[in-house]
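Here are some short exercises for practising how to read a protein model. Try each task yourself before you look at its solution.

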Amino acid sequence: MGKIASIEVIPLATPDVAAAGDLDGTTDTVIVRLTGEDGKTGIGECDAPPHVVKAFLEMPTAHLWSRNVQEILIGADPIEAAGIWQKLYDGTFWPGRRGLGIHALSAIDIALYDLAGKQHNVPAYKLMGGARRDRIRPYCTIFPGMSQGRGIEVLMKEIGRQFEAAVDQGFRAVKMEVLFEDLATDRELVELIQRGRKMLGDGIQMAVDFGYRWHNWHDALWLLDRVEDCDILFAEATLQHDDLDGHAELATRSRIRIGGAEAAATRFEIREWLTRGKVGVVQPNIGRGGGLTEIRRIADLCELMGAEVVPHGWKTGITSAAGRHFHAACAPSPVFEYVSPKVFDSLLRRELVSPEPEVKDGFMDLPNSPGLGIELNEDLVKRLRTDR
């Protein structure tokens with residue numbers, strides 16, 4: 001099979017790239033494209049500032065622990081993704097290791113699985129050890145956007161519209177984003193979550209994302225105790241991200257499963273969330289936490305410790321495709337996040353890659369095309385590139 005011949009880093013942004021007061025990660029992205037000697041290509045992306053990732057991946061070698069990634073990748077066999085991951089991790093240890101360095105590595109790793117899958121004519125999940133389930137179960141994130149001057153009733157109306165659209169599209173699990181900031185007191189937020197549950201009815205699973213609302217676990221517990229009867233799948237981003245001790249207190253006391261770690265990088269940091277933070281659900285982004293190689297290791301860790309992994313996945317169709325293959329191959333995952341272009345309108349999510357799989361009664365079929373099973377819209381890439 002063809003070894004890696006070249007790497008290209010492609011930053012993209014839509015004309016309506018998110019303003020500082022918004023929180024839509026689908027308005028830009030950075031694609032890593034690997035080309036093999038056989039002419040086949042593999043693509044990956046990460047959720048980080050595109051031009052900063054590009055600079056990191058194209059920086060010249062300084063020394064053994066700060067290398068240009070091209071020196072490691074060119075001539076490597078993409079089927080050896082885990083071995084390449086370790087070489088990249090070791091070779092960028094000094095400026096990388098956590099944060100942006102792991103984000104950039106993640107995009108490369110996803111592209112390796114896409115390329116190797118195409119070269120060997122198998123779906124990416126087979127390269128991760130094969131399917132652990134017969135079909136996959138996405139949940140649809142319901143995000144009305146930040147308030148941007150809108151009142152709470154306008155936001156709830158948009159949530160209701162997206163609820164209806166998600167159920168119509170076949171989803172049977174959703175996540176209600178309640179990033180309402182100071183538009184609602186905690187007591188009012190209890191009522192809003194109860195309204196959300198009534199909108200959905202009892203047959204739809206509902207998680208809730210609080211957007212790091214609280215700075216102490218006492219306040220978070222007060223609210224969670226009052227929405228126990230809403231049958232919440234898990235509570236996401238309750239406390240400040242790095243407050244592991246607070247997460248442990250909350251997880252110990254609440255009957256609702258507590259999630260966290262969406263900004264965490266690698267299994268080493270996830271281990272801290274499980275052992276010190278005591279969360280029942282870890283949510284690292286595949287495009288930030290280490291790619292498909294690392295999310296598989298994280299899933300193995302969760303399986304050993306009786307926890308679940310439900311990756312954050314608010315990006316383009318590349319991340320959505322990676323999520324499908326993750327969920328197929330990793331057992332301790334009840335659902336995975338899915339941004340539906342038929343529910344949340346986004347140019348990059350809607351048009352960057354195709355095809356888009358169907359959701360039937362809450363499930364998708366296992367992917368069966370080689371690699372990630374998606375094709376890049378080259379015309380859109382040319383139109384939205386920001387480095388030319």
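Keep in mind that this is a predicted model.

**Exercise 1. Surface and interior**

Task: Find how much surface the chain exposes, and what share of the residues is buried.

Solution: Start outside. The chain exposes about 15600 Å², and carbon and sulfur atoms supply 48% of that area. Now look inside, counting a residue as buried when its relative accessible area is under 20%. Of the 388 residues in the chain, 58% are buried.

**Exercise 2. Overall build**

Task: Count the helices and strands, then decide why the chain can be called as compact as a globular protein of its length.

Solution: First, the count: 15 helices and 15 strands. Next, compare two values: the radius of gyration is 20 Å, and the globule rule gives 21 Å for 388 residues. These are close, so the chain is as compact as a globular protein of that length. For its extent, the C-alpha trace spans about 60 × 40 × 40 Å along the principal axes. Finally, turn to the contacts with a separation of 6 or more: 74% of them are between residues 24 or more positions apart.

**Exercise 3. A hairpin**

Task: Describe how β2 and β3 are joined, and work out why β3 is called largely enclosed.

Solution: Begin with the pairing. Strand β2 (residues 28–36) runs antiparallel to β3, and six bridges join them. One place to look is V30, which stands opposite C46 in β3. Then follow the turn: four residues lie between the strands of this hairpin, and G39 takes a positive phi near 90°. Last, check burial in β3 (residues 41–46): five of its six residues are buried, so the strand is largely enclosed by the rest of the structure.

**Exercise 4. A small parallel sheet**

Task: Give the order of the strands in the open sheet that contains β10, and explain why β9 and β11 each have a side without a neighbour.

Solution: The order is β9-β10-β11, with parallel pairing. β9 (259–260) and β11 (308–309) stand at the edges with a single partner strand each, so one side of each is left without a neighbour in the sheet. Zoom in on β9 and β10 (residues 281–282): two bridges pair them, and G259 has V281 as its bridge partner.

**Exercise 5. A covered helix**

Task: Which residues of α9 are buried, and what covers them?

Solution: In α9 (residues 244–253), the buried residues include L244, G246, H247, A248 and L250. Their cover includes α8 (217–226), α10 (266–275) and β9, the edge strand from Exercise 4.

Conventions. Residues are numbered from 1 along each chain as its sequence is written. This is a predicted model: local features need pLDDT of at least 70, side-chain atom pairs count only at pLDDT 80 or more; totals for chains, interfaces and linings use all residues. Side-chain values use heavy atoms; hydrogens and water are left out. Two strands pair if DSSP finds at least two bridges between them. The radius of gyration is taken over C-alpha atoms; the globule rule is 2.2 Å times the number of residues to the power 0.38. Buried means under 20% relative accessible area, exposed over 50%, partly exposed in between (1.4 Å probe, protein chains only). Contact means heavy atoms within 4.5 Å. Accessible areas come from the Shrake-Rupley method with a 1.4 Å probe; for residues, only the protein chains shown count as cover.
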